[in-house]
Amino acid sequence: MMERLNTPDSNRKHIAFFGRRNAGKSSIFNLLLNQEISLVSDIPGTTTDPVYKSMELIGYGPVRIIDTAGLDDIGSLGKMRVEKTEEILQKTDLAIYVLNADKIDMEEKKEAKLFFQRFRIPHVFVWNKLDLLKDEERKKLRKENSGDSFLDENVHLKRENLLEIIMKNLKNQEEDPPLIGDLVAYGSTVVLVVPIDSEAPKGRLILPQVQVIRECLDNGIKTIVVRETELEETIREIQNIDLVITDSQVFKTVDKIVPEDIPLTSFSMLFARQKGDIKKFIEGIRALEGLKNKKEGTVLIAESCAHTTSHEDIGTVKIPNLLKKKINPNLNIIFQNGATFKEKEFHMENVDLIIHCGSCMITRKNMVNRIQMAEEKGVPITNYGVTLAYLTGILDRAIKGTMPE
């Protein structure tokens, strides 16, 4: 149980409760968790900022539950809360829209449906507060909204009812693609190249490395972890290496060491394939090539997490330096970090290319939505791993090592 509770949030399905103020979202959120996490009162707008809680769904696995502010919040603060709620959509895998049976508004339901469809979010409409209706009113409501779910008036049955709704909808969703499980077979040998630099926390590996190791263990793949300084010796000693996976920072160095007959890729390339759309990321490189002949151009470098930077930082130092050196010294490079794509912080229509991080800290749904937002604005998008492979001249080889036959 402890391992599952420590599952990274980026690997948990995100279930978010939406609805108008006082529809009962927070009460249902607390009921699901069997804890008083969100504040509950009869005063509309009690929930301000989103409330997050991780839990284990028996029979499914680890998930993250989110309670949001009412979508009809008012005033200047209310507008900010609604914007925060809308940002939650970018990382939602299953939306539960809570409707107040005592205040039926079919226009609200129609607007919410369009809201979810924009981000292609699986959603379910759940009617709450049925105990406030008369028998005939309940029957009519069920008949006119037969595709929706209705929570039982009994508090114990209501929780069982809610769990059943969530489990049914989650199980209907496709699982995230594997990182490595479809690239090499059971019993294969994989070498992971992990450089140790000033940014690496002492005694720890970074999340992408840990997740690849775990998937290798899950699939019976033998794993050898080395620094780039020991790689050449390792290749001489180990027979039948099926794949080498390297940190993008030492891609060029590793490419020179690894023989051409051994497939090579990077952690970032693997995450691009699992979390996003690697084909679109490869297409994004064409936009990068197009910037060579422009007098000026703007590149947005986007990271999904906030962290302190150093002279070795990939996103803020290494990639910008390579872009200026190998693509165009006049490039305007802007930065954004955080778990949501905030279009208001920059004018996307003036951006020529987005270079995104490996997205190990966000869900696949969040990354797919970011790609969609870029597409809607007509802005090409790629990621760190693909960019570094291109800038170091080994993209073709990295693609071969990443794409299954």
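Which residue in the turn of the hairpin of strand 2 and strand 3 has a positive phi? Select G59: this residue has a positive phi of about 95°. Three residues lie between the two strands of this hairpin.

**Before you go on**

This is a predicted model, in which local features need pLDDT of at least 70, side-chain atom pairs count only at pLDDT 80 or more, and totals for chains, interfaces and linings use all residues. Residues are numbered from 1 along each chain as its sequence is written, and side-chain values use heavy atoms, with hydrogens and water left out.

**The whole protein**

Show the protein as a cartoon. There are 15 helices and 14 strands. Both are DSSP runs, numbered from the N terminus: helices are H or I with at least four residues, strands are E with at least two.

Of the 405 residues, 51% count as buried. Buried means under 20% relative accessible area, exposed means over 50%, and partly exposed is in between (1.4 Å probe, protein chains only).

Switch on the surface. The protein exposes about 20,200 Å², and carbon and sulfur atoms supply 49% of that area. Such areas come from the Shrake-Rupley method with a 1.4 Å probe; for residues, only the protein chains shown count as cover.

Now consider contacts, meaning heavy atoms within 4.5 Å. Among contacts with a separation of 6 or more, 73% join residues 24 or more positions apart.

**Strand 3 and its partners**

Select residues 61-67. This is strand 3, and seven of its seven residues are buried.

Add residues 51-57, which form strand 2. Strands 2 and 3 pair in the antiparallel sense over seven bridges. Two strands pair if DSSP finds at least two bridges between them. Pick out S54: its bridge partner in strand 3 is R64.

Next, add residues 13-19, which form strand 1. Strand 1 pairs with strand 3 in the parallel sense, over five bridges. K13 has V63 as its bridge partner in strand 3.

**The largest pocket**

Select N11, R12, E175, D176 and Q274. Of the 36 residues that line the largest pocket, these lie nearest its centre. The volume of this pocket is about 1,400 Å³.

A pocket is found on a 1 Å grid over the protein atoms alone: an open set of points with protein on both sides within 12 Å along at least five of seven lines. Lining residues have an atom within 4 Å of a point. Grid points are joined across faces, edges and corners, and a volume is the space filled by probe spheres set on the points.

Which helix gives the largest share of the lining? Helix 7 does, with six residues. Select 207-218 to see this helix. Strand 3 and helix 10 (267-275) are among the elements that each supply at least two lining residues.

Colour the lining by type: 11 nonpolar, nine polar and 16 charged. Here Ala, Val, Leu, Ile, Met, Phe, Trp, Tyr, Cys and Pro count as nonpolar, Asp, Glu, Lys and Arg as charged, and the others, Gly among them, as polar.

**Helix 2 and three phi angles**

Select residues 25-33. In helix 2, eight of the nine residues are buried, including I28, F29 and L31.

Just after helix 2, N34 takes a positive phi of about 60°. Most residues other than glycine have a negative phi.

Move to K129, in the loop between strand 5 and helix 5. K129 is not a glycine, yet its phi is positive, about 60°. This residue is partly exposed, at 22% relative accessibility.

Finish at N240, in the loop between helix 8 and strand 9. Its phi is about 55°. N240 is exposed, with a relative accessible area of 64%.

Methods
1 Å grid on protein atoms, 1.4 Å probe; cavity = no way out; pocket = protein on both sides within 12 Å on 5 of 7 lines; lining within 4 Å.
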